[in-house]
Amino acid sequence: MKKAPRHEPEERLSTTPPKKWAAGVPAVTHALEYSLDETTVRRTATTLLTMNQVAGIDCPGCAWADPSPGHRHRNEYCENGAKHINDEATARRVTADFFRTHAVSELGRRSDLWLNQQGRLTGPMVKRPDADHYEPISWHDALKLIAAELTSLDSPDEAVFYTSGRASNEAAFVLQLFARAFGTNNLPDCSNMCHESSGFALYETLGTGKGTVSLDDLHQADLIFLVGQNPGTNHPRQLSALEQAKINGGHIIAVNTLPEAGLLRFKNPQRARGVIGPGTRIADRFLHIRSGGDLALFQGLNRLLLEAEDARPGTVLDHDFIRSSTSGFQEFSQHVRTIAWDDILTATGLTLREIEQVRDAVLGSERIIVCWAMGVTQQRHGVPTIREIVNFLMLRGNLGRAGAGACPVRGHSNVQGDRTMGIWEQMPDSFLDALQREFGFDPPRAHGLDSVNSIRAMREGRIKVFLSLAGNFVRAAPDSAVTEEAMRRCRLTVHISTKLNRSHTVCGRTALILPTLGRTERDIQSGGEQFVTVENSMSEVHTSHGRLKPASTLLLSEVAILCRLARHTLGDKAGIPWDEFEADYGAIRHRIAHVVPGFHDFNRRVARPSGIRLPNPVNEGVFATPAGKALFTRNAWDMLRAPEGHLLLQTLRSHDQWNTIPYTDNDRYRGIHGRRRVVLVNPADMAELGLFEGQFVDLVGVWTDEVERRAEDFEVVPYPTARGCAATYYPETNVLVPLDSVAEISNQPTSKGIVARLEARNG
């Protein structure tokens, strides 16, 4: 059944009080309403009943872990996962007629919501130089065009190969293999903009860039910190794990600049208590922290723990763990004791008593987990903050044992798997050596470009070809005007995509859209029907099997597109069997088993219902740091301050949004309906700044380069944000994030902590 095209919604704001609980029957209702509006009853039943099941479709949304086989609910999905999978399974189609009707310049003026709602892409399209319309192109000619541009470059480093977390392990491995055989390590990915700070901090301190906990660990924890994350919207299935922790007697402390519905109470629609009862209180304590204050909070906690040990020697710290498994304790201890309490309290906006109450909860807990997300990583001090969290965990030995550890919560399915497969501009020599042994060519050794440096290089004319495997780079990246200008300087831009998005309207001199199969669709190659694999946030690898008929007979899989492009570009160079890889993804997994640690006997092991749990050296007592031990660190910081008349602004998602794509103009949990261009401001700050509810303002970013960054026409909404802090939705406000405002060490854009003023609009 073909669905009618969508029209631009008329923006008109209405507000209701923020919700004090998440999920429940309304979540089920909204999920089904959205799904049935996109596709048929039959397709909705197929996607939802196979989603996150053994041999089913892995949710293309967040990377939260599945319960073990035998413990999964028949409806093992959340509201946003249901929306996401049926947004892909939509019956709406974007055909060649659509592109004949709509010029690129017109599409560039459309909203992100409207572009996404037009439906699935159905055939390869090209925008020729100086043209304002895309037109059809054959697969052969499209791939030939890309290959000609790549081989004409003066250096392979004039090309960039970007990847989104939606890509499978198999596609990611093939892409990095192609890029390195071509001769470049320019392999930026979406991790550069979301959890890069986690990777750098964990590698330095623990010797691994991944978290150390499992789903069972969360169930067993005595105390769980949720820092800078909103699970009710961004990874709702985490709420089920938190509910189980509470049932088992655990406690939860939420640390956030905004009270979020999912942090308050959870009504699990899979339990009677969640349908007709009050649900489960999630956060036992909520720390309403100031933006950028997380580092100061954990330094304050660490100082209090050291002082508690001074008062009761041998009863607070895990001296055996510190002595046998760590280094740098004395230097850390001396440093943290010197930090002034006035600075800690000013930075956090908390009272000493509030922090002492958290210390008391810590002292009463044997097993502690700290979870964090982009509220931490997208700060300027994201890396030092995570290193301080590791310090906190090490003081009482909360690493490498059940019910304890570090838990960076990744926000996109298989974003962690892409990195495991080699999608990183700085892969270590051990990985490159393994590629050389397996495939017989010497991969380039110089580090490539990450996302921010790729934009800089495009702006300067040093990058001629930009190829994106999934994703919406233009809207995910910071400094929107700068990013778009940089993209337009390319000779060729190529997007391998399932649906229309903003990046397709920001074109190089020549631009290609290559439509691909979605994760929901059956993938039949000459070797038979294929499946792909993904890795979740907890280092578990499992299969995903498409179930639906493809949206178009012209679609190719990501693997097929990349293998054919590699053949066109490289020919027989390096002797890589691209034809074999395209025909049978098992051949790719066989090679992955020889290259990537932990993937031995990949094809057999991943076929098991439980999949593969990758080894984590921390849980084996092994720390792959230069000292061979976990590292205590000293973390200095400059307090984030806003001048008088300014606020600290952060960008965030609405509830009806996945990554850069909104599904509606609503944010149900925060009580925002009908408009996205809103700014949430504490009522006390509104009074101080002379603002009123419903006032229209421009958001003006302040940055040291003295270039004014302005986001226009935002409506002021009173909201219980932390004092001195405000919040607004991305990607509309990415324009305010300067390209050069990045996290120390990780080079990740700092979308949390924009200094901005709110200027009243005339009239």
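Helices, of at least four residues, and strands, of at least two, are DSSP runs numbered from the N terminus. The model on display is a predicted one.

**Whole chain.** Begin by selecting the entire protein chain and colouring it by secondary structure: there are 32 helices and 33 strands. The radius of gyration of the chain is 25 Å, close to the 27 Å that the globule rule gives for 763 residues, so the chain is as compact as a globular protein of that length. With the C-alpha trace displayed, its span along the principal axes is about 75 × 65 × 55 Å.

**Interior and contacts.** Next, colour the chain by relative accessibility; 66% of its 763 residues count as buried. If contacts between residues at least 6 apart in sequence are then drawn, 79% of them join residues at least 24 apart.

**Surface.** Switch to a surface representation of the protein chain. Its accessible area comes to about 26,600 Å², and carbon and sulfur atoms account for 50% of that.

**A nonpolar patch.** Now select Val28, Leu32, Leu36 and Val41, which form a nonpolar patch on the surface. Together these four residues have about 320 Å² of accessible area. Which element supplies the largest share of the patch? Select helix H1, residues 25-38: this helix contributes 3 residues, the largest share.

**Val28.** Finally, centre the view on Val28, which lies in helix H1. Is Val28 buried, partly exposed or exposed? Its relative accessibility is 37%, so Val28 counts as partly exposed, a class that lies between the buried limit of under 20% and the exposed limit of over 50%.

How values were computed
Residues are numbered from 1 along each chain as its sequence is written. This is a predicted model: local features need pLDDT of at least 70, side-chain atom pairs count only at pLDDT 80 or more; totals for chains, interfaces and linings use all residues. Side-chain values use heavy atoms; hydrogens and water are left out. Patches are made of residues with over 30% relative accessible area and no salt bridge: like charges are joined within 9 Å, nonpolar side chains (Val, Leu, Ile, Met, Phe, Trp, Tyr) within 5 Å. Accessible areas come from the Shrake-Rupley method with a 1.4 Å probe; for residues, only the protein chains shown count as cover. A salt bridge is a side-chain nitrogen of Lys or Arg within 4 Å of a carboxyl oxygen of Asp or Glu. Buried means under 20% relative accessible area, exposed over 50%, partly exposed in between (1.4 Å probe, protein chains only). The radius of gyration is taken over C-alpha atoms; the globule rule is 2.2 Å times the number of residues to the power 0.38. Contact means heavy atoms within 4.5 Å.
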